[in-house]
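Please look over the structure shown here. The report below takes it site by site.

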Amino acid sequence: MNHRRALRAAVTIAVTGALAAAMTMTLTSTASAGTTLRASAAEKGRYFGAAVATGKLSTSAYTTILNREFNSVVAENEMKWDATEPQQGRFSYTGGDRLVSHAQANGMSVRGHALLWYQQQPGWAQNMSGSALRNAAINHVTQVATHFRGKIYAWDVVNEAFADGNSGARRDSNLQRTGNDWIEAAFRAARAADPGAKLCYNDYNTDGINAKSTGIYNMVRDFKSRGVPIDCVGFQSHLGTSLAGDYQANLQRFADLGVDVQITELDVMTGGNQANIYGAVTRACMNVSRCTGITTWGVRDCDSWRGSDNALLFDCNGNKKAAYTNVLNALNAGPAIPTDPPTDPPTDPPTDPPTDPPTDPPAVGCSASVSLNSWTGGFVATVKVTAGSTGTSGWNVGFTLPSGASVTNTWSATASGSTGAVRFANVNYNGRLGAGQVTEFGFQGTGSASGVTPTCTAS
Ligand code: XIL
């Protein structure tokens with residue numbers, strides 16, 4: 001497959017010592033001792049995810065690992081264009097809905113993948129061009145993002161639109177031939193359809209500062225300067241036997257543009273370096289405060305699209321590999337995402353004035369702070385829970401919502417009530433916090449939550 005050949009060819013820079021030297025710690029380390037990927041990531045305010053083939057959700061050996069280790073999922077194929085709109089205007093959400101239900105039942109967030117891509121288009125779209133294709137593509141974005149509205153943490157709005165090699169230019173495709181503005185049109189349509197989802201651009205062979213990643217960097221910078229709604233960049237990170245020494249620096253330069261970054265499809269070819277590369281990628285994400293999570297492209301080696309590469313964290317029998325241990329250790333050793341809301345004002349949607357610091361006295365039990373991302377008619381609240389000096393075995397956070405506000409969706413917590421006095425209890429994996437440890441949950445709502453303050457009770 002050309003795609004795989006291309007990505008392997010591009011992963012050529014051998015790095016060992018240089019990599020360690022380049023991974024300068026920029027944040028204070030807060031060592032902890034989570035024993036699963038999901039718990040350890042959550043303690044640091046991040047997620048750890050896996051791509052899921054929904055057909056495997058009925059295999060208990062598979063779901064046991066998925067539910068124990070991961071708190072985020074992405075559909076390996078079920079939310080792609082060919083799956084969701086097999087005939088023009090006839091939408092099919094069976095696989096995607098099944099994954100969302102599984103996620104909601106198990107305290108997992110969902111990445112949506114992918115609204116527009118030059119591959120895995122339905123036959124009818126492959127045969128279209130010009131304004132007919134543009135209209136069909138934007139309608140697809142609108143319909144699919146509307147169907148999943150409120151259930152998606154981040155959407156890959158556009159996948160793999162840049163060319164490999166040294167041009168730094170867009171890839172030729174039927175979508176690209178509808179006009180260079182197809183990507184921004186897609187982002188605007190996605191924002192209108194689901195204002196609560198983070199909107200990402202996602203690509204591969206971007207694992208360091210190179211011509212392709214720089215082309216994307218320039219596009220993101222341009223989008224931010226013109227107010228095109230983009231919130232995040234996904235780095236697929238289908239890796240070979242070495243890792244670019246500037247992998248972290250590349251993530252950081254995107255973060256410095258004011259977008260989140262995520263490792264979205266991580267898998268690493270077997271070889272002496274596999275475990276080291278997994279550890280280095282995890283450390284790089286932890287060292288970038290806007291790197292919000294990591295997803296591996298599958299669960300066990302035999303689930304991987306990379307066939308005999310044995311590219312994942314669990315072997316075919318479900319045993320943890322050396323790479324798993326390195327990832328877990330890196331999550332536990334890494335810094336937490338700083339509790340303050342980001343300081344650079346997002347250009348869209350309009351944000352509320354900064355919330356006051358929590359007024360509670362220093363917590364014996366726990367304290368909570370909220371950061372709001374609001375737009376006309378809705379909001380997403382991200383809530384940080386910090387354990388007091390005795391730690392927690394569970395927590396409960398209350399808000400009094402203004403009249404007219406209503407909670408429509410919650411992640412990493414269980415909500416009771418949707419209007420007025422609402423409460424959020426920990427889920428099974430994030431209730432137990434050591435002294436000073438931090439975890440995060442979120443909820444989306446309609447109306448305005450401007451000015452709300454949380455109160456935290458520990459048990
Ligand atoms: C792959 C899936 O894993 C395969 O099952 C499918 O046959 C082809 O697509 N980049 C992407 C993913 O963004 O959607 C691809 O997933 C892997 C490369």
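## Ser101 and its helix

Ser101 is partly exposed in this predicted model. Its relative accessible area is 45%. That value falls between the 20% limit for buried and the 50% limit for exposed, so the middle class applies.

Ser101 belongs to helix α6, which covers residues 94-105. Lys151 is 50 residues away from Ser101 along the chain. In space, the C-alpha atoms of Ser101 and Lys151 are 9.7 Å apart.

## Ligand site

The ligand has 14 residues around it. The closest are Glu76, Lys80, His113, Glu265 and Trp297. Sorted by class, this shell holds 7 polar, 4 charged and 3 nonpolar residues.

Several side chains make polar contacts with ligand oxygen atoms. For Asn77, an N or O atom of the side chain is 3.0 Å from a ligand oxygen. For Asn159, the corresponding distance is 2.9 Å. Trp297 places a polar side-chain atom 2.9 Å from an oxygen of the ligand. On its own, the ligand has 420 Å² of accessible area, and the protein covers 82% of that.

## Unusual backbone geometry

Most peptide bonds are trans, and most residues other than glycine have a negative phi. The sites below depart from that pattern.

The bond between His113 and Ala114 is a cis peptide bond. Its omega is about -5 degrees. Ala114 lies in strand β3, residues 109-117. His113 is also among the residues closest to the ligand.

Gln120 is not a glycine, yet its phi is positive, at about 50 degrees. Gln120 sits in the loop between β3 and α7, the latter being residues 123-126. With a relative accessibility of 29%, Gln120 is partly exposed.

Asn205 also has a positive phi, near 60 degrees. Its loop runs between β5 (198-203) and α10 (211-226). Is Asn205 buried or exposed? Asn205 is buried, with a relative accessible area of 8%. The cut-off for buried is under 20%, so Asn205 qualifies.

## Aromatic pairs

How many aromatic pairs does a search of the whole structure find? The count is 18. Take Phe91 and Tyr93. Their ring centres are 6.1 Å apart and their planes meet at 10 degrees, so this pair is stacked. The reasoning uses two cut-offs: centres must lie within 6.5 Å, and planes under 30 degrees apart count as stacked.

The two partners fall into separate burial classes. Phe91 is partly exposed, at 25% relative accessible area. Tyr93 is buried, at 15%.

Ring pairs also build a cluster. Its members are Trp395, Phe399, Phe424, Phe441 and Phe443.

## Charges over rings

Which ring lies under the charged end of Lys212? It is the ring of Tyr204, and the charged end is 3.6 Å from the ring centre. Lys212 falls within helix α10, residues 211-226.

Arg253 takes a position over the face of Tyr217. Here the distance to the ring centre is 4.7 Å. Both cases meet the rule for a charge over a ring, because the distance limit is 6 Å and the angle to the ring normal must be within 35 degrees.

Methods: Residues numbered from 1 in each chain as written. Predicted model: local features only at pLDDT ≥ 70, side-chain atom pairs only at ≥ 80, totals over all residues. Heavy atoms only, no water. Phe/Tyr/Trp six-rings, centres within 6.5 Å; stacked < 30°, edge-to-face > 60°. Buried < 20%, exposed > 50% of the residue type's maximum accessible area, 1.4 Å probe, protein only. Near = heavy atom within 4 Å. Polar contact = N/O pair within 3.5 Å; in protein donor to acceptor, adjacent residues only side chain to side chain. Areas by Shrake-Rupley, 256 points an atom, 1.4 Å probe, with all protein chains shown as cover. Nonpolar A, V, L, I, M, F, W, Y, C, P; charged D, E, K, R; others polar. Helix = DSSP H or I, 4+ residues; strand = E, 2+ residues; numbered from the N terminus.
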